[in-house]
Amino acid sequence: MAVVFASVSRNQTLRLALESFLFAISAYWLRSAGGFWAGLAVVLFFAYAYFRPISRSFKFLIVSFTLLAYCFLFPNLGSLELEALFAFSLGVLMYLLVGVKDMLFIKRKETTQLLYSMIFFMGVYLYFSVTSLASQIGLFFFSLFLFRELYVLLSDGSRKGQMLVSVVSSLIGVELAWGLGLLPLSSSSASIIVTAGVFIVNDIFMAYKLGTIADKTLRWEIATAIVLSFIILAFSRWSLS
């Protein structure tokens, strides 16, 4: 056993996997039982995994604290099995977050986009669970700060056009979420469509502002948007009544 722990402590990837697993276990404890000590365990495991080392930690503040907030704010999912799956998802997100921060992944930009899209998906799911004017305003500002942080990360620190891209992407996200809220879609289906649509638009705007857009990329984005339209039709329960 001591040999195993020594091996894990030396291997950064294995150590991160263990820390993410412990974070997921504490999140499940909080979600299933609640209480002060479960909440404290979540915060401590999060801080231990994320702020070691502290370098580069402040570049991911929005996404990191959003991940922590989801442990406490996400609505009850109705069963221990779903709560276990949710806690496992939080552990995966923690693994991606710390791995991106500490530059453990080869395809770092793609992994960063995956991380932010999953965080955004959960935020949109929260919006559909409590649809109101206040939740629309909350979704807009959440998207605004999240996309600003993502833009700076993917552009290697460039802030050229970051506010314009973030505002446009956030407005489109809110309008799309409002429109899909009128259709007979489940919260998860609508959240997937909003997330995919917003990240397509955000990717196009970022590429345009940074001067990296290509015809092939543009065609792929348009084709994906068309496929999304068919997904909306397929998942909707249309009725003439």
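**Exercise 1. Place E19 and decide whether it is buried or exposed.**

Let's start with the element: E19 sits in helix α2, residues 12-33 (helices are DSSP runs of H or I, at least four residues, numbered from the N terminus). Next, the relative accessible area of E19 is 11%. Buried means under 20%, exposed over 50% and partly exposed in between, with a 1.4 Å probe and protein chains only, so E19 is buried. Finally, leaving out residues up to four places away in sequence, E19 touches Y48, A49 and R52 (contact: heavy atoms within 4.5 Å).

A word on the model: it is predicted, with local features needing pLDDT of at least 70 and side-chain atom pairs pLDDT 80 or more, while totals for chains, interfaces and linings use all residues. Residues are numbered from 1 along each chain as its sequence is written, and side-chain values use heavy atoms, without hydrogens and water.

**Exercise 2. Check the span of α2.**

The expected span is 1.5 Å times one less than the number of residues. For the 22 residues of α2 this gives 32 Å, and the end C-alpha atoms are 31 Å apart, which agrees. Just after α2, G34 has a positive phi of about 75°.

**Exercise 3. Find which side of α2 is buried, and what covers it.**

List the buried residues: L16, E19, S20, F23, A24, S26, A27, L30 and R31. They cover an arc of only 165° around the axis, so they lie on the same side of α2 (the arc uses directions from the helix axis to the C-beta atoms). The face turned away carries exposed F21 and A33. The cover of the buried residues includes α3 (36-50), α4 (61-73) and α5 (80-101).

Conventions: Helices (H or I, at least four residues) and strands (E, at least two) are DSSP runs, numbered from the N terminus.
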